[in-house]
Amino acid sequence: MKVILTGGAGFIGANLAYHWSDAYPEDELVVLDKLTYAGHRESLAPLEQAGKIRFVLGDIVDPDVVDTALRGAGLVLHLAAETHVDRSLADPAPFLTTNVLGTRTLLEGARKHDVGRFLLVSTDEVFGSLPLDHPELRFTLTSRYDPRSPYAASKAAADHLARAYHHTYGLPVLISNCGNNYGPFQHPEKLIPLAITRLLQGKKVPLYGDGANVRDWIHVEDHARALAAIARRGTPGQTYLVGADGERSNREVLARLLALLHREPESIEPVADRLGHDRRYAIDPSHLRESLGWKPEVSFDEGLARTVAWYQEHRSWWEPLVRPHNG
Ligand SMILES: NC(=O)c1ccc[n+]([C@@H]2O[C@H](COP(=O)([O-])OP(=O)(O)OC[C@H]3O[C@@H](n4cnc5c(N)ncnc54)[C@H](O)[C@@H]3O)[C@@H](O)[C@H]2O)c1
């Protein structure tokens with residue numbers, strides 16, 4: 001089967017490419033990526049050199065690019081997106097272009113070429129923010145959409161569009177909404193790699209506001225396994241919530257990283273809070289576990305230690321990315 005992986009040079013996409021080519025070597029895996037600042041073709045070099053993937057440089061917004069790529073495809077794994085909330089606060093335009101119009105172009109291409117299955121990879125941020133003082137509340141399949149940042153709004157629009165293509169045209173769409181990922185190949189603008197790379201450079205780590213904001217963390221390999229299960233065995237038209245019971249406050253995450261890297265508490269530097277900063281995300285993953293039998297395999301402590309080790313061993317991957325920004 002020809003499988004199109006959009007955004008495969010990004011963080012989750014690269015990890016999914018490794019997982020997919022290992023688990024399903026009989027598939028023809030094609031990565032379609034524009035290589036924005038967040039895309040790194042070198043992350044895929046071992047796969048390309050081994051002939052396990054084909055890389056296509058292109059923009060998912062461009063109908064001609066998508067038309068050529070999707071011809072003969074049996075499955076689309078759609079991950080390409082603008083993904084950094086802070087960047088969406090500074091300029092929402094590229095988020096609307098790629099996340100909404102790009103998704104529209106792909107859905108049209110999938111319809112035209114009668115693609116067998118289409119997985120849209122989305123986020124729990126479409127459901128808004130939960131209160132800190134009600135730990136029993138979690139996002140479920142019936143949670144209301146309530147996006148609160150331009151990033152989340154653009155992803156919510158893509159979810160709605162994909163669902164509309166299923167209902168209107170019968171396109172076999174699946175949607176997954178996942179919490180915060182961490183692991184290898186994540187751009188150092190995101191919390192965990194930002195903290196690790198700054199600590200490795202002997203710098204302080206900024207912490208937004210009071211640091212009490214809670215995210216539901218999942219190791220990217222567990223997410224990749226979930227995406228494979230959903231793409232191959234999920235029911236078209238169905239949404240799947242992906243989570244690993246990994247709720248941690250930002251302050252807790254940073255404290256764990258300080259311990260792993262033997263740094264003192266003074267290495268954390270509180271900074272003014274992000275505008276409209278969501279307080280808490282938490283996912284109830286029971287439907288995914290019961291319907292497809294998936295469960296996470298990487299504990300937070302083990303995953304974080306492995307992630308720290310990866311950044312220690314791959315300075316040549318991240319050093320060029322931090323020089324212009326984190327000076
Ligand atoms: N990172 C997370 O914690 C998380 C959690 C839940 C869902 N998601 C979703 O998973 C997907 C992947 O996230 P990520 O963290 O790997 O993102 P990322 O920012 O690391 O990578 C995005 C990739 O998409 C590519 N891209 C961007 N615009 C493109 C365009 N117009 N055409 C083609 N390629 C383009 C980039 O070059 C890059 O390789 C996104 O859809 C995101 O919304 C991410």
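Helices here are DSSP runs (H or I) of at least four residues, numbered from the N terminus. The model shown in every view is predicted.

**View 1. Asn250 in helix 9.** Asn250 belongs to helix 9, which covers residues 250–260. Is Asn250 buried or exposed? Asn250 is buried, because 21 other C-beta atoms lie within 10 Å and the cut-off for burial is 20 or more. Beyond its neighbours within four places in sequence, Asn250 contacts Leu191, Leu207, Tyr208, Gly211 and Asn213. Trp310 sits 60 residues from Asn250 along the chain. Their C-alpha atoms are 21 Å apart.

**View 2. Domain 1 and domain 2 of the protein.** The domain assignment builds domain 1 from residues 2–184 and 218–242. Domain 2 takes 191–211, 247–277 and 299–326. Between the C-alpha centres of the two domains the distance is 26 Å. Eight residues of domain 1 and seven residues of domain 2 make up the contact. What kinds of residue does domain 1 bring to the side that touches domain 2? That side has three nonpolar, three polar and two charged residues.

**View 3. The largest nonpolar core.** This core holds 89 residues. Which residues touch the most other members? They are Ile4, Leu5, Ala17, Val76, Leu77, Leu119 and Leu227. Helix 6 (residues 150–169) gives the core its largest share, eight residues. Domain 1 and domain 2 each supply at least three residues. In soluble globular proteins, nonpolar side chains tend to be buried together.

**View 4. Contacts of Leu5.** Leu5 is one of the core residues that touch the most other members. Residues up to four places away in sequence are left out of this view's contact list. The list for Leu5 then reads Gly13, Leu16, Ala17, Leu29, Val30, Val31, Leu77 and Leu79.

**View 5. The open sheet of seven strands.** The strand order is 3-2-1-4-5-6-10, and the pairing is parallel. Strand 3 (53–57) and strand 10 (239–242) form the edges, each pairing on one side only. Neighbouring strands are turned by 20° against each other on average, direction ignored. Inside the sheet, strand 1 (residues 2–6) runs parallel to strand 2 (residues 28–33), and five bridges join them. Lys2 has Glu28 of strand 2 standing opposite. Which strands does helix 8 touch as it packs on the sheet? Helix 8 touches strand 4 (73–78), strand 5 (117–123), strand 6 (173–178) and strand 10. The direction of helix 8 makes about 160° with that of strand 6.

**View 6. The open sheet of three strands.** Here the order is 7-9-11, with mixed pairing. Why do strand 7 (180–182) and strand 11 (247–249) each have one side without a neighbour in the sheet? Both stand at the edges with a single partner strand, so one side of each has no neighbour there. From one strand to the next the twist averages 50°. Strand 7 and strand 9 (residues 214–219) run parallel and share three bridges. Asn181 has Ile218 of strand 9 as its bridge partner.

**View 7. Helix 8 across strand 7 and strand 9.** Helix 8 spans residues 220–233. What angle does helix 8 make with strand 9? It runs at about 70° to strand 9. Helix 8 also packs on the seven-stranded sheet of View 5.

Terms used
Residues are numbered from 1 along each chain as its sequence is written. This is a predicted model: local features need pLDDT of at least 70, side-chain atom pairs count only at pLDDT 80 or more; totals for chains, interfaces and linings use all residues. Domain bounds come from an automatic or database domain assignment. Two residues are in contact if their C-beta atoms, placed from the backbone, lie within 7 Å. Ala, Val, Leu, Ile, Met, Phe, Trp, Tyr, Cys and Pro count as nonpolar, Asp, Glu, Lys and Arg as charged, and the others, Gly among them, as polar. Helices (H or I, at least four residues) and strands (E, at least two) are DSSP runs, numbered from the N terminus. A residue is buried if 20 or more other C-beta atoms lie within 10 Å of its own, exposed if 12 or fewer, and partly exposed in between; C-beta atoms are placed from the backbone. A nonpolar core is a set of buried Ala, Val, Leu, Ile, Met, Phe, Trp, Tyr and Cys residues joined through C-beta atoms within 7 Å. Two strands pair if DSSP finds at least two bridges between them. Axes are lines fitted to C-alpha atoms, for helices over the stretch in contact, and angles run from 0 to 180 degrees between N-to-C directions.
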